[in-house]
Amino acid sequence: MEKVSDIDYKNTDWTKFFIRHLGENTYLVEFGKEPILKKDYTYQTENMTSYRQSYYETHKEDFKKRYKVWYARNKEEIKERRRIQYQNEEKINCECGKVFQKRNLRKHLKTKSHIKFLN
């Protein structure tokens, strides 16, 4: 990236370059060769963490009540998800000699070893 102050605007091929603003600086960047920018964001500062902890401690009963209400409302859906997950983890012995989980059945049927066994 070049700083814009070093650029000859009249002789630049604008089909190959674009301008990027970073903070107070402006840069000329070539298409396809733009650097991956590091983002120095810290979402969790010590103050935020301590604030969240203290907020949770003061409102702990509200959180528990909300979770109980949510669980009671979605109890059937949660049980159904767990049942399906348990079914998909069931082991299957294929006639080609491989052992895999039920959820991987389609993927297994496309493998070279299974196709070779069928032929």
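Let's start with a word we'll need: two residues are in contact when heavy atoms of theirs lie within 4.5 Å. By that yardstick, residues 24 or more positions apart account for 11% of the contacts in the protein with a separation of 6 or more. What you're looking at is a predicted model, where local features need pLDDT of at least 70 and side-chain atom pairs count only at pLDDT 80 or more, while totals for chains, interfaces and linings use all residues. Residues are numbered from 1 along each chain as its sequence is written, and side-chain values use heavy atoms, with hydrogens and water left out.

Now for the overall layout. The protein has 5 helices and 5 strands. Both kinds of element are DSSP runs numbered from the N terminus, helices being H or I with at least four residues and strands being E with at least two. Walk along the sequence and you meet them in the pattern β-β-β-α-α-α-β-β-α-α. Of the 119 residues, 12% count as buried. Buried here means under 20% relative accessible area, exposed means over 50%, and partly exposed is in between, using a 1.4 Å probe and protein chains only.

Head to the strands at the start of that pattern. Strand 2 (residues 17-22) and strand 3 (residues 25-30) run antiparallel and pair over 6 bridges; to pair, two strands need at least two bridges between them as found by DSSP. One spot to look for is Phe18, whose bridge partner in strand 3 is Val29. The two strands make a hairpin with 2 residues between them, and Gly23 in the turn has a positive phi of about 65°. While you're looking at strands, a general point helps: in a regular strand the side chains alternate between the two faces of the sheet.

Next come the helices and their aromatic rings. Rings of Phe, Tyr and Trp (its six-membered ring) pair if their centres lie within 6.5 Å, and planes under 30 degrees apart count as stacked, over 60 as edge-to-face and the rest as tilted. By this rule there are 5 aromatic pairs. Take Tyr51 and Tyr55: their ring centres are 6.1 Å apart and their planes sit at 35°, so this pair is tilted. Both tyrosines belong to helix 1 (residues 46-58), where they are 4 residues apart, about one turn of the helix. Tyr51 is exposed at 54% relative accessible area, whereas Tyr55 is partly exposed at 36%. Ring pairs also join Tyr51, Tyr55, Tyr56 and Phe63 into a cluster. Phe63 has a charged companion too: Arg66 lies over the face of its ring, 5.0 Å from the ring centre. For a charge to sit over a ring, NZ of Lys or CZ of Arg must be within 6 Å of the ring centre and within 35 degrees of the ring normal.

Charges also meet each other here. A salt bridge puts a side-chain nitrogen of Lys or Arg within 4 Å of a carboxyl oxygen of Asp or Glu, and the structure holds 3 of them. One joins Lys60 and Glu57 at 3.5 Å, N to O, with Lys60 partly exposed at 26%. Another links Arg81 and Glu77 at 3.0 Å, N to O. That pair sits in helix 3 (residues 75-88), 4 residues apart and about one turn of the helix from each other. Arg81 is partly exposed at 49%, and Glu77 is partly exposed at 44%. Then there is Arg83 with Glu80, whose closest N and O atoms are 2.4 Å apart. These two are 3 residues apart in helix 3, so about one helical turn separates them. Arg83 is partly exposed at 40%, and so is Glu80 at 35%.

Our last stop is a group of cysteines and a histidine. A disulfide is a covalent bond between the sulfur atoms of two cysteines; the test used here asks for a pair of cysteine sulfur atoms within 2.5 Å. How many disulfides does that give? The count is 0. For Cys94, the nearest cysteine sulfur is that of Cys96, 3.5 Å away, and Cys94 is in no disulfide. Cys94 is buried at 14% relative accessibility. Close the tour at His114, which has its place in helix 5 (residues 112-118) and is buried at 5%. Leaving aside neighbours within four places in sequence, His114 is in contact with Cys94, Cys96, His108 and Leu109.
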